[in-house]
Amino acid sequence: MDADTVTARNSKIGTYMTKPKVLISDKMDPQAAQIFAERGCDVDVITGKTPEELKAIIGQYDGLAIRSSTRVTADILEAATNLKVIGRAGIGVDNVDIPEASAKGIVVMNTPFGNSITTAEHAIALMFALARQLPEADASTQAGKWEKNRFMGVELTSKTLGLIGAGNIGSIVADRALGLRMKVVAFDPFLSPERALELGIEKVDLDELLARADFITLHTPLTDQTRNILSKENIAKTKKGVRIINCARGGLVDEAALKEALDSGHVAGAALDVFVTEPAKESPLFGTPNFVSTPHLGASTSEAQVNVALQVAEQMSDFLLTGGVTNALNMPSLSAEEAPKLKPYMALAEKLGSLVGQLTTGSLARISVHTEGAATELNAKPIVAAVLAGFLRVQSDSVNMVNAPFLAKERGMEVREVKTEREGDYHTLIRVSVKTEAGERSVAGTLFSNSEPRLVELFGIKVEAELAGHMMYIVNEDAPGFIGRIGTLLGESAINIGTFNLGRREAGGEAVLLLSVDSPVPASVLEQARALPGVKRAMALTF
Ligand SMILES: NC(=O)c1ccc[n+]([C@@H]2O[C@H](COP(=O)([O-])OP(=O)(O)OC[C@H]3O[C@@H](n4cnc5c(N)ncnc54)[C@H](O)[C@@H]3O)[C@@H](O)[C@H]2O)c1
Ligand SMILES: O=C(O)[C@H](O)COP(=O)(O)O
């Protein structure tokens with residue numbers, strides 16, 4: 001396997017015979033298609049397909065660009081035999097089965113900042129709409145009623161805004177609310193006190209937020225912890241007259257409990273941009289007084305849509321054409337500038353991983369990836385992922401850099417990353433050590449001319465070899481005549497030797513022989529090699 005093969009789905013990212021094919025399956029700013037085409041991808045824009053229709057065509061594509069409408073289920077992924085990358089022009093990826101995509105080695109990326117301001121502004125707009133009953137006042141006025149006395153609003157100044165979730169969007173909402181002279185309290189277990197101070201907001205626990213907030217706005221993803229975070233019980237803990245805004249995800253608020261609380265007057269107003277079931281064509285909430293809704297419009301401004309469309313097209317093209325990885329949710333980042341520098345290292349890492357994978361028997365407790373010298377200046381995450389891909393590919397062909405770290409975790413492998421900045425015998429080195437019941441052993445390699453991967457140490461023995469194609473690995477007692485005997489065996493078996501690499505602990509001690517051969521070594525030849533005097537181990541290797 002060469003460097004390219006580790007990048008995604010064992011396919012040659014960046015070295016396509018034909019242009020990579022991308023499908024845009026949701027409505028997206030046309031500049032996305034333009035960028036894909038300009039960057040060298042073939043792009044189809046086919047929106048509104050049913051899952052069955054999408055399943056029928058997805059097999060042709062290397063990339064899939066989506067928003068929130070396309071559901072990328074396990075069933076779709078099963079049919080996506082060429083797919084390498086899914087790009088979400090937006091933030092939420094709850095419409096993508098990420099574990100399944102990872103298991104299949106497909107990179108999933110999003111554009112985490114492109115629509116944050118727009119969505120924060122929508123939350124603020126909905127807050128004003130609730131405070132001044134704008135939709136109802138508009139409908140009444142346009143119906144010719146002029147009900148000046150019916151609509152009595154509330155001021156935002158000096159009111160307390162409760163933020164549930166203070167990440168990208170939540171913190172922009174906080175900033176705008178502070179500008180409106182509101183007081184902002186936030187519940188977010190991952191918000192540090194320093195960040196709260198920097199934002200000028202008060203970090204509180206959920207119960208305190210519920211008790212103090214005049215307005216509550218939600219800005220968390222939908223997770224097992226956040227689902228129904230505004231449950232019937234929690235809504236009951238809110239201040240009477242509270243107003244609730246959800247521009248994050250349907251399912252954060254219990255819709256039935258919200259309806260009851262609006263009907264009883266405990267909640268004075270609620271605005272939902274997102275619903276448990278979307279598209280929400282019907283809901284018990286529709287028609288409830290003081291209820292405002294929009295059809296998942298949080299990100300729908302021309303500015304945000306251009307941002308996310310351009311970003312997703314650039315990120316996906318980078319990945320497909322150069323191997324650069326940005327904003328991936330299931331793979332370490334790798335810039336388009338870094339990718340070419342890292343490429344030979346990843347090739348080396350993958351070969352070393354593969355070598356230890358092929359030579360290791362029994363269950364593995366730990367794998368350590370040690371970089372030394374120049375290699376320490378690079379992003380270690382892709383190097384580690386490449387080692388794991390090489391190691392695990394011995395067990396399954398479908399392993400690549402995306403799914404290898406997940407598989408390693410699933411298999412209970414402890415993965416360590418160690419850096420030693422000073423140079424040793426080589427200006428740059430990657431060492432892979434594995435710990436099994438039999439003890440800890442390592443292999444190490446360097447780059448010749450900064451680009452050619454070479455093995456330089458094998459289980460404590462110095463040996464210099466290129467790991468490529470079919471190879472034969474022999475451990476034997478260093479003794480005269482051995483090389484002649486192995487040469488004769490291979491010659492008589494019509495196996496041509498390409499390179500011959502020898503190393504030994506000391507004269508007369510344990511020696512290793514790594515041969516590259518022009519054809520696979522049959523089991524019968526390995527048997528005969530094992531029967532030669534002094535041979536302790538003989539194996540065929542493939543790279
Ligand atoms: N309506 C729309 O069109 C629209 C547009 C963009 C984003 N969104 C959604 O808005 C949400 C927020 O997006 P973001 O970019 O701010 O995400 P983010 O990841 O930057 O922030 C999410 C925050 O939620 C916090 N959080 C996680 N679990 C929590 C918990 N149990 N309790 C409280 N806080 C918790 C995290 O610590 C983080 O700070 C996402 O669900 C996203 O999909 C909706
Ligand atoms: O997570 C997001 O980015 C928003 O929910 C926007 O979704 P959309 O792209 O379907 O408008």
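**View 1. Surroundings of ligand 1 in the predicted model.** Helix 7 contributes more residues than any other element to the shell around ligand 1, namely three, where helices (H or I, at least four residues) and strands (E, at least two) are DSSP runs numbered from the N terminus. This is a predicted model, in which local features need pLDDT of at least 70 and side-chain atom pairs count only at pLDDT 80 or more, while totals for chains, interfaces and linings use all residues. Residues are numbered from 1 along each chain as its sequence is written, and chains are lettered from A and ligands numbered from 1 in the order in which they are written. Of the 31 residues around ligand 1 (C-beta atom, placed from the backbone, within 6 Å), those that come nearest are G92, G165, G167, F190 and G298. Two or more residues are given to this shell by helix 5 (116-131) and by helix 7 (168-179).

**View 2. The hairpin of strand 17 and strand 18.** Strand 17 (residues 452-458) pairs with strand 18 (residues 461-465) in the antiparallel sense over three bridges, pairing being assigned if DSSP finds at least two bridges between two strands. L458 has I461 of strand 18 as its bridge partner, and in this hairpin, with two residues between the strands, F459 takes a positive phi near 50 degrees.

**View 3. The open sheet of four strands.** The strand order is 20-21-19-22, with antiparallel pairing. Strand 20 (497-504) and strand 22 (535-542) are at the edges and have a single partner strand each, so one side of each lacks a neighbour in the sheet. Strand 19 (residues 470-477) and strand 21 (residues 510-517) pair over eight bridges in the antiparallel sense, with I474 opposite L513 in strand 21.
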